[in-house]
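I opened this one with the ligand in mind and let the rest of the fold follow. Here are my notes, in the order I looked things up.

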Amino acid sequence: MADVALSLEGVCKQYGDFEAVRDLSFAVKRGTICGFLGPNGAGKTSSVRMMLGLSEPTAGQITVLGGTAAKALDRIGFMPEERGLYRKMTPVDVIVFLAGLKGVKASVARKRGKEMLEAQGLGPFMNKQIRSLSKGMSQKVQLISCLVHEPELVILDEPFSGLDPVNQQGLETVIRDLAKRGATVLFSTHVMQHAERLCEKVVLLTKGQKVFEGSLKEARAAAPRHLDLEGALGAADLMALPGVASVSDMGATEDGAHLWQCRLHAGQSAHEALKAAFLRGLDVRRFEAKEPSLHEAFIVLTGGEADA
Ligand SMILES: Nc1ncnc2c1ncn2[C@@H]1O[C@H](COP(=O)(O)OP(=O)(O)OP(=O)(O)O)[C@@H](O)[C@H]1O
């Protein structure tokens, strides 16, 4: 389909007897940002390598920009999880060299590379050897190298790891800008906050299998909502409210009051519990209904496998 940048159908990867990826199917629409999520060892890197044609699936079909990865290679930008650049070259020379492998003329790559280095605050370092750059700086150079040929599809394996919070934010901006100019971005991570801020869609893997594919809203719906209640309240009264699965005493507040966190059953809204609390005359002085975070959904969907 023309509006799909990447699709996997029934993809498996076997290393000897070990099945690292099992029957993985999903599609990413053009111009969107997709989070490829999962705990350590879930099979993200194995899948990414197959998407790029760097390793062959044991079974299944992968379509990249309408054909095979090999055919689309010049239209793909890839940043691997294991970073590494030629330490004795300068950022500009590395960028020009790698862009050349994608068919970009040296003069064009040099101009674009310099502009991108300036935009990333690396202007003063563009002619210094990579080995004199900090880890975060060389990671930026690597990112620029993977974007300088203006790829239609950008695949980033754990791009946020090793970056400080300011640079993480900078990378989020780069990813958003890529999608704004029509590129498709897939990035893997086990840190949910980035996915929460960036993605229209997330795919969640655990032990080589997809356990979720959909929007952030749909993912959050998998986790229970919370209702926080403050007052002179007892656990038994709270447990008797409709939809409440468990309660935790979060500590004393004032005048003998406590803050209680009521965890609701999946799919339950806080409305019924709150209504019942008031009808039963419970001493509710403050309340707050809380949507689950993507992190909570991740823990539920991975069956507690999360390491984030
Ligand atoms: N070449 C290989 N030979 C044998 N086993 C492998 C190989 N590559 C990966 N594995 C195993 O496959 C599983 C998935 O690994 P993979 O690197 O794809 O996971 P991941 O989700 O990217 O994890 P992480 O977030 O830790 O990088 C792991 O158990 C790993 O040990």
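**Around the ligand**

I started with the elements that surround the ligand: strand S2 (18-29) and helix H1 (44-51) each give at least two residues to its shell. I kept in mind throughout that this is a predicted model.

Next I asked which element supplies the largest share of that shell. H1 does, with 3 residues.

Then I listed the neighbours. I found 13 residues around the ligand, and the closest are Tyr15, Asn40, Lys44, Thr45 and Ser46.

I also looked at the chemistry of the shell. Its residues split into 7 polar, 4 nonpolar and 2 charged.

**The sheet**

I moved on to the strands and traced an open sheet with 6 of them, in the order S5-S6-S7-S3-S8-S9 and with mixed pairing. At its edges I noted strand S5 (76-79) and strand S9 (209-214), each of which pairs on one side only. I checked the twist as well: on average, neighbouring strands here are turned by 15° against each other, direction ignored.

I took a second look at the S5 edge. S5 and strand S6 (residues 153-157) run parallel and are joined by 4 bridges. In this pair I found Ile76 opposite Leu153 of S6.

**Back to the helix**

Which strands does H1 lie across? I noted strand S3 (33-37), S6, strand S7 (184-189) and strand S8 (201-206). Against S6, the helix runs at about 150°.

My last jotting ties the two halves together: H1 supplies 3 residues to the ligand shell, and H1 also lies across strands of the sheet, S6 among them.

Methods: Residues are numbered from 1 along each chain as its sequence is written. This is a predicted model: local features need pLDDT of at least 70, side-chain atom pairs count only at pLDDT 80 or more; totals for chains, interfaces and linings use all residues. A residue is near a molecule or strand if its C-beta atom, placed from the backbone, lies within 6 Å of it. Ala, Val, Leu, Ile, Met, Phe, Trp, Tyr, Cys and Pro count as nonpolar, Asp, Glu, Lys and Arg as charged, and the others, Gly among them, as polar. Two strands pair if DSSP finds at least two bridges between them. Axes are lines fitted to C-alpha atoms, for helices over the stretch in contact, and angles run from 0 to 180 degrees between N-to-C directions. Two residues are in contact if their C-beta atoms, placed from the backbone, lie within 7 Å.
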